[in-house]
Amino acid sequence: MRIAVLGLGYVGSVSAAALAAREQDVIGVDTVAAKVDEVNAGRSPVLEPGLESLVRRAVSSGRLTATQDAGHAIRQSEVSLICVGTPSAPNGSLSTIAVERAVSTIGEALRSGTERHTVVVRSTILPGTSEELLIPLLEATSGRRVGRGLGYAVNPEFLREGSSLLDFENPAKTVIGASDPESEEIVGRMYAGSTGTLVGLSVRAAELAKYVDNAFHALKISFANEIGAICHAHELDSHEVMRSFFADTRLNISAAYLKPGFAFGGSCLPKDIRALIYASRRRDLELPLLESILPSNERCISRIVDTITALGRRRVGILGLSFKDNTDDLRESPFVELSERLLGKGYELRIYDPNVAMARLVGTNRAFIDERLPHLSALLAGSAEDVLRSSDVCIVGAGSPETLAALAHSNGHTIVDLVRLPDAETRRGEPGYIGVAW
Ligand code: NAD
């Protein structure tokens, strides 16, 4: 493959040298003459372990050259890899000026030719940047249409400075969000032989994927540091405490609890977070991350209240009341909170939860329901069908088989799905269906 790499910073110079080492013909492009000269002299333009010798070998093999003449590099190539910077603008927004310039340069270079060309964006860009800004710009400057001899893909970069070459050789994943199958195939071919999972996404999803990873990495570090501060205040060695944390690869170091959905509740999480924060405050510890958890959870409930308000329909049914499936525990259930808020706003509510219905008859929660939630107790229906019959909007908070069976016969309801129903993917985008996070 002949590849033009635009931008010879950390990402571009690693990609250029590593692709050349895999026997691709790479032309690196940068607007800064010194970076181009460094590469052509067989030296790395950035400091990165192992890169200097890789650049030297790639240049002496003739597989890697560099130029300031972007047009020439692009016309010589099948693929343009955009690796230019996307720094923060002074107001915190993302500056796309360099990517826009790179795209315009590519478009103008392609205007005169007819050969297929694929534009691949490695730079980090926010969702929508391609569809709303870069693809229209590419089409306008090239005079071609994406999908017709012109391919486009977002291929975010997950390398870490300091171990970029190792990460390139052994990636956890390669993410490709392509505008068409041929572009996806071409980008996949560029990384042929790479280990790790190949994740094919839409262009927009690929754009966001990089931010999700970085947000989580930052969250993990801040979480660990706040736990460290708590341990320190208790004269504990945090590394010893975290041995217990790391030992749980089922709930802690895993995909558990990472599927977006509705608020948490129950008798443990809210209580324990409150206690930890209270105890920490008494030790004069500020823990902004941990302190933001309950307000963040509360926002999940507010968003649903706002969704219902915006619908403007007064008869609301709720399927599910306990804090999660397969329990009748109502303590700190977010559905109880949601119901109370809607009730307070004057909605006509009907609620059904098979576990709570049982608990009402025989369970240990009977007294809790009668004493603490008499206002909700009066709204409990005998079946999911009853709820559907007396509502126009149905909030699905439990995925029991009975609920699913009843929903199959819903008629004209707006379904607000908090559990990701089994057919959520096909329902998405349909009128009368609102997914909480999809
Ligand atoms: P960088 O600032 O080190 O390098 C960008 C290079 O692009 C510079 O050499 C600049 O001169 C050049 N450039 C600017 N406009 C150009 C143009 N029109 N044509 C050719 N060259 C041009 O940036 P970086 O750290 O390599 O990051 C590049 C992108 O990758 C950013 O979007 C960044 O967020 C993302 N990213 C970076 C890392 C990282 O570890 N640095 C990791 C993942 C993703």
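**Exercise 1. Find where Arg 420 sits, and decide whether Arg 420 is buried, partly exposed or exposed.**

Step 1. Arg 420 belongs to the loop between β12 and α20 (424–427). Helices here are DSSP runs of H or I with at least four residues, strands are runs of E with at least two, and both are numbered from the N terminus.

Step 2. The model you're looking at is predicted, so local features need pLDDT of at least 70, side-chain atom pairs count only at pLDDT 80 or more, and totals for chains, interfaces and linings use all residues. Residues are numbered from 1 along each chain as its sequence is written, and side-chain values use heavy atoms, with hydrogens and water left out.

Step 3. For accessibility, buried means under 20% relative accessible area, exposed means over 50%, and partly exposed is in between (1.4 Å probe, protein chains only). Arg 420 has a relative accessible area of 38%, so Arg 420 is partly exposed.

Step 4. Now check the backbone: phi of Arg 420 is positive, about 60 degrees, although Arg 420 is not a glycine.

**Exercise 2. Do the same for Glu 235: which loop holds it, and is it buried or exposed?**

Step 1. Look between α9 and α10 (238–247); Glu 235 is in that loop.

Step 2. The relative accessible area of Glu 235 is 76%, so Glu 235 is exposed.

Step 3. Phi of Glu 235 is near 55 degrees, again a positive value in a residue other than glycine.

**Exercise 3. Work out how α9 and α10 pack, and what kinds of residue meet there.**

Step 1. Take the axes, which are lines fitted to C-alpha atoms, for helices over the stretch in contact, with angles running from 0 to 180 degrees between N-to-C directions. For α9 and α10 the angle is about 125 degrees and the axes are 9 Å apart.

Step 2. Name the angle: under 35 degrees is roughly parallel, over 145 roughly antiparallel, 65 to 115 roughly perpendicular, and the rest oblique. α9 and α10 are therefore oblique to each other.

Step 3. The crossing of α9 and α10 is right-handed. A crossing is right-handed if the near helix is turned clockwise from the far one by less than a right angle, and left-handed if anticlockwise.

Step 4. List the partners in contact (heavy atoms within 4.5 Å). From α9 come Phe 223, Ile 227, Gly 228 and Cys 231, and they meet Ser 238, Val 241, Met 242 and Phe 245 of α10.

Step 5. Sort them by class: 6 are nonpolar, 2 polar and none charged. Here Ala, Val, Leu, Ile, Met, Phe, Trp, Tyr, Cys and Pro count as nonpolar, Asp, Glu, Lys and Arg as charged, and the others, Gly among them, as polar.

**Exercise 4. Repeat this for α6 (residues 129–142) and α9 (residues 203–233).**

Step 1. The two axes come within 9 Å and cross at roughly 110 degrees.

Step 2. That angle makes α6 roughly perpendicular to α9.

Step 3. Thr 129, Ser 130, Glu 131 and Glu 132 of α6 make the contact with Val 203, Arg 204 and Glu 207 of α9.

Step 4. By class, you get 1 nonpolar, 2 polar and 4 charged residues in the contact of α6 with α9.

**Exercise 5. Describe the packing of α13 (residues 293–311) against α14 (residues 334–344).**

Step 1. The axes of α13 and α14 lie 10 Å apart, at an angle of about 40 degrees.

Step 2. So α13 is oblique to α14.

Step 3. Their crossing is right-handed.

Step 4. The contact of α13 with α14 holds 7 nonpolar, 1 polar and 3 charged residues. Among those in α13 are Ile 301, Ile 304 and Val 305, while α14 brings residues including Leu 338 and Leu 342.

**Exercise 6. Trace the surroundings of His 413: is it buried or exposed, and what does its side chain reach?**

Step 1. Find His 413 in the loop between α19 (401–407) and β12 (414–417).

Step 2. Its relative accessibility is 12%, so His 413 counts as buried.

Step 3. The His 413 side chain reaches the backbone oxygen of Ser 391 at 2.9 Å. A polar atom of that side chain also lies 3.1 Å from the backbone nitrogen of Asn 411.

Step 4. Setting aside neighbours within four places in sequence, His 413 is in contact with Arg 313, Leu 388, Ser 391, Asp 392 and Gly 432.

Methods. Polar contact = N/O pair within 3.5 Å; in protein donor to acceptor, adjacent residues only side chain to side chain.
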